[in-house]
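Q: I have just opened this entry and would like some guidance. Could we go through it together, one topic at a time?

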Amino acid sequence: MNMDNNSIFFTLPAADGQAGMRLDLFLRETVPAMSRARLQKLIAGGCVSLDDNIVADKDFKVRSGDSFAVFVPPAEEAEPAAENIPLDVVFEDDDLIVVNKPAGMTVHPAPGVYHGTLVNALLYHCRDNLSGVGGVKRPGIVHRIDKDTSGLVLAAQNGYAAPLLAGRVEKLYYAVVEGELPLGPGVIDAPIGRQGGSIIGRCVTPDGKPSRTEYTILKAENGLSLAACVPVTGRTHQIRVHFASIGHPLAGDDLYGGSRERIGRQALHCARQSFRVPVYTPVEGGIRVECPANGNNWKTAAAESPLPQDMKQLFGEK
């Protein structure tokens, strides 16, 4: 489905608990993958209406039962270059793509890293299907993983799937941590914030954001433990910080006290993702997306990736 010249139309009903919210904050909560600045530009540009009347005031107070129509104009061309880089595609349809990213590949272009990233590769692979995310023709990375973390990365191929996927993706990671922990389930519930003045580092701190990681130790031998981890919240470096905080940093994670003696990167792998998006309806000039408050009529899918070889070798497996 090539939607390069199409616009996106969202229909967003307000629930009882959202009454009294400012319009830009309501939209930010309802379509969280769109930035607040982007949404404010849409409001100011006359792209949001209520009962066929344009609402151009971001401070407009939402009422229970209001149903807003949001028009997202066609996308502009992307700045990053499309590059023909081989991808391990695990799942793909007109809306979504899941790629098994190798350790060492950066997800987004950044200062000093303008080529060879996952976004560069996706721009080439999805070039006939991209219809715009955030107003630009680019794949919408729903969640990023660190350069040296391997495994699944989910991206939206169009402007309506991207914001609706946010908060509706369940993830399972495998982590190899230092030390032999008791087999079975466990929980680390500790707030995470910035580590001093560091831009990159995070730590457990009382004034951090609430963070919860649920895990199950599957194997413990050779001074290491294999943990299946579910990050209930999605903080930066959450699994890495949480295990370091209990004295069991990830193998290879020298940023948080792990040793690189056995593996040259943090032993973390995104192994499973399940996700859901609302069903859309093609209309003249674009697409209309209904966002039912009760979450019915959703499309669901899942993707999996096995434990990579370098993490298997930590336990003597081939």
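The exchange below covers confidence, overall make-up, one helix, cysteines and charged pairs.

Q: To begin with, what kind of model is this?
A: This is a predicted model. The mean pLDDT of the protein chain is 84, and 81% of the residues score at least 70.

Q: And where is the pLDDT below 50?
A: One such stretch is residues 1-5, where the pLDDT is below 50. In the model, that stretch has 17 contacts beyond near neighbours in sequence. Residues 132-137 also have a pLDDT below 50, and this stretch has 26 contacts beyond near neighbours in sequence.

Q: Turning to the overall make-up, how many helices and strands are there?
A: The protein chain contains six helices and 18 strands.

Q: How much of the chain is buried?
A: The protein chain has 318 residues, and 47% of them count as buried.

Q: What about the accessible surface?
A: The accessible surface of the protein chain is about 14800 Å². Carbon and sulfur atoms account for 49% of that area.

Q: What share of the contacts joins residues 24 or more positions apart?
A: Among contacts in the protein chain with a separation of 6 or more, 68% are between residues 24 or more positions apart.

Q: Let us look at one helix. Is H3 mostly covered or mostly uncovered?
A: Helix H3 spans residues 118-125 and is mostly covered, with six of its eight residues buried.

Q: Which residues of H3 are buried?
A: The buried residues are Leu-118, Val-119, Asn-120, Ala-121, Leu-122 and Leu-123.

Q: A change of topic: how many disulfides does the structure hold?
A: The structure holds zero disulfides.

Q: Are Cys-126 and Cys-229 buried or exposed?
A: Cys-126 counts as buried because its relative accessibility is 2%, under the 20% cut-off. Cys-229 is buried as well, with a relative accessible area of 0%.

Q: Now the charged side chains. Why would two of them pair at all?
A: Side chains of opposite charge can pair when their charged atoms come close.

Q: How many salt bridges are there here?
A: The count comes to 14 salt bridges.

Q: Which partners does Asp-24 have?
A: Asp-24 forms a salt bridge with Arg-22, and their closest N and O atoms are 2.8 Å apart. A salt bridge also links the side chains of Asp-24 and Arg-36, at 3.4 Å from N to O.

Q: What does the pair with Arg-36 connect?
A: Arg-36 lies in helix H2 (residues 36-44) and Asp-24 lies in helix H1 (residues 23-30), so the pair ties together parts that are 12 residues apart in sequence.

Q: Are these three residues buried or exposed?
A: Asp-24 counts as buried, at 0% relative accessibility. Arg-22 is partly exposed, with a relative accessible area of 21%. Arg-36 is also partly exposed, at 38% relative accessibility.

Q: What about Arg-63?
A: Arg-63 forms a salt bridge with Asp-66, and the closest N and O atoms are 3.2 Å apart. Arg-63 is partly exposed, with a relative accessible area of 46%, whereas Asp-66 is buried, at 9%.

Q: Finally, which residues do salt bridges with shared partners join into one network?
A: That network consists of Arg-22, Asp-24, Arg-36, Lys-58 and Asp-59.

Methods:
Residues numbered from 1 in each chain as written. Predicted model: local features only at pLDDT ≥ 70, side-chain atom pairs only at ≥ 80, totals over all residues. Heavy atoms only, no water. Buried < 20%, exposed > 50% of the residue type's maximum accessible area, 1.4 Å probe, protein only. Helix = DSSP H or I, 4+ residues; strand = E, 2+ residues; numbered from the N terminus. Disulfide = S-S within 2.5 Å. Salt bridge = Lys/Arg side-chain N within 4 Å of Asp/Glu carboxyl O. Contact = heavy atoms within 4.5 Å. Areas by Shrake-Rupley, 256 points an atom, 1.4 Å probe, with all protein chains shown as cover. pLDDT = per-residue confidence, 0-100.
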